[in-house]
Amino acid sequence: MLTLSEVVSSITPADRAAMSAAKTHWDAVAHPLSSLGLLEDAVIRIAGMTGSPRVDLGKRAVVVMCADNGVVAEGVTQTGQEVTAIVTENMSTGDTSVCCMARRAGAEVVPVDIGVAVPVRGEKILQRNVRRGTANMTQGPAMTRSEAVRAIEVGIDVVRALKEQGYTLLGTGEMGIGNTTTSSAVVSVLLHKSPSEVTGRGAGLSSEGLRRKVDAIERAVALNRPDSADGVDVLSKVGGLDLCGLAGVFLGGAYFHIPVLVDGFISSAAALAAAAICPAAKDYMLGSHASNEPAGAMVVEALGLTPFLYANMCLGEGTGAAAVMPLLDMGLAVYNEMATFDGINMDAYVPLT
């Protein structure tokens, strides 16, 4: 298995020459210049990620990191921790929201048990459990630094395996009761925002539940004092195993030159941590949607990404990433199949001055 330090030291910025070649091809396609907006930008960025203007997104997967969070003991969720295991197993049988959407998008769902509190069974579940759920971060660090690194390396290794199987586009997703609390804590630290600014109701908290959630984050940050300059430290102290695994997927995507779609708030919190660990990893991330969580758009903006969708979604699981995949297909259809100005003997558009 690749180590985190090996991966971080080897990640390079996106290939600007490939991006330039993709832009040149777009400008030759018989359509008004830049008229497909973000779809054109995405194809150009993907060319830079893969190092070639010949873009192929034919085989895609949504990697769903599943883990439990000890902070649920603070009353920060509407449902019990047992739901994590139930939904994780349902992902193996195709009976979750992201599974339904991924089928339409032509994507495989890859559930990973990276930290579910109890053993889960299912043919499609990757058994990569680092520990059976994290500790309660209001009482001490959520996990040790070595456990966080191991979980990040699991994410990297999942990308390695998918790369070897020919996957060319990845989406990120998660399942873990309590993970909007850990995500808000991570974002609060990395963006230097108060917990109240970045914390929402998650899966339907009451006003009293929201108050408990903000209070738990405030106490966890004050007690553990995570270092905002050290993404691993932040993840280990106030994050979760699912966030660590997702950070590894983003770093693995950058290392293996595979574009990775950031899902919603939780995935974007992991992406923010990955960028703190290795800033160049941002070159390999694509936005999907702006989560309806209070800090959803805030984190996407901090990553320098522009969402394709503003649909008030906040389901998680990778549903936003799956929803955007058909849009990318449409943009790529024009890029690969549309006639050029030369091909139809038409004068090309010229850029406006």
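**Aromatic pairs and helix H14**

Let me begin with Trp26, which at 0% relative accessibility counts as buried, a word that here means under 20% relative accessible area, with exposed meaning over 50% and partly exposed in between (1.4 Å probe, protein chains only). I should say early that this is a predicted model, where local features need pLDDT of at least 70, side-chain atom pairs count only at pLDDT 80 or more, and totals for chains, interfaces and linings use all residues. Residues are numbered from 1 along each chain as its sequence is written, and side-chain values use heavy atoms, with hydrogens and water left out.

Searching the whole structure gives three aromatic pairs, a pair being rings of Phe, Tyr and Trp (its six-membered ring) with centres within 6.5 Å, called stacked if the planes are under 30 degrees apart, edge-to-face if over 60 and tilted for the rest. One of them joins Trp26 and Tyr335, and because the ring centres are 5.2 Å apart with the planes at 55°, this pair is tilted. It links distant parts of the chain, since Trp26 is in helix H2 (residues 16-28) and Tyr335 in helix H14, 309 residues apart; helices are DSSP runs of H or I, at least four residues, numbered from the N terminus. Tyr335, at 3% relative accessibility, is buried.

Helix H14, residues 319-337, also holds Leu328, which is buried with a relative accessible area of 4%. Leaving aside neighbours within four places in sequence, Leu328 is in contact (heavy atoms within 4.5 Å) with Leu39, Ala42, Leu57, Leu169, Leu261 and Phe308.

Note on methods. Helix = DSSP H or I, 4+ residues; strand = E, 2+ residues; numbered from the N terminus.
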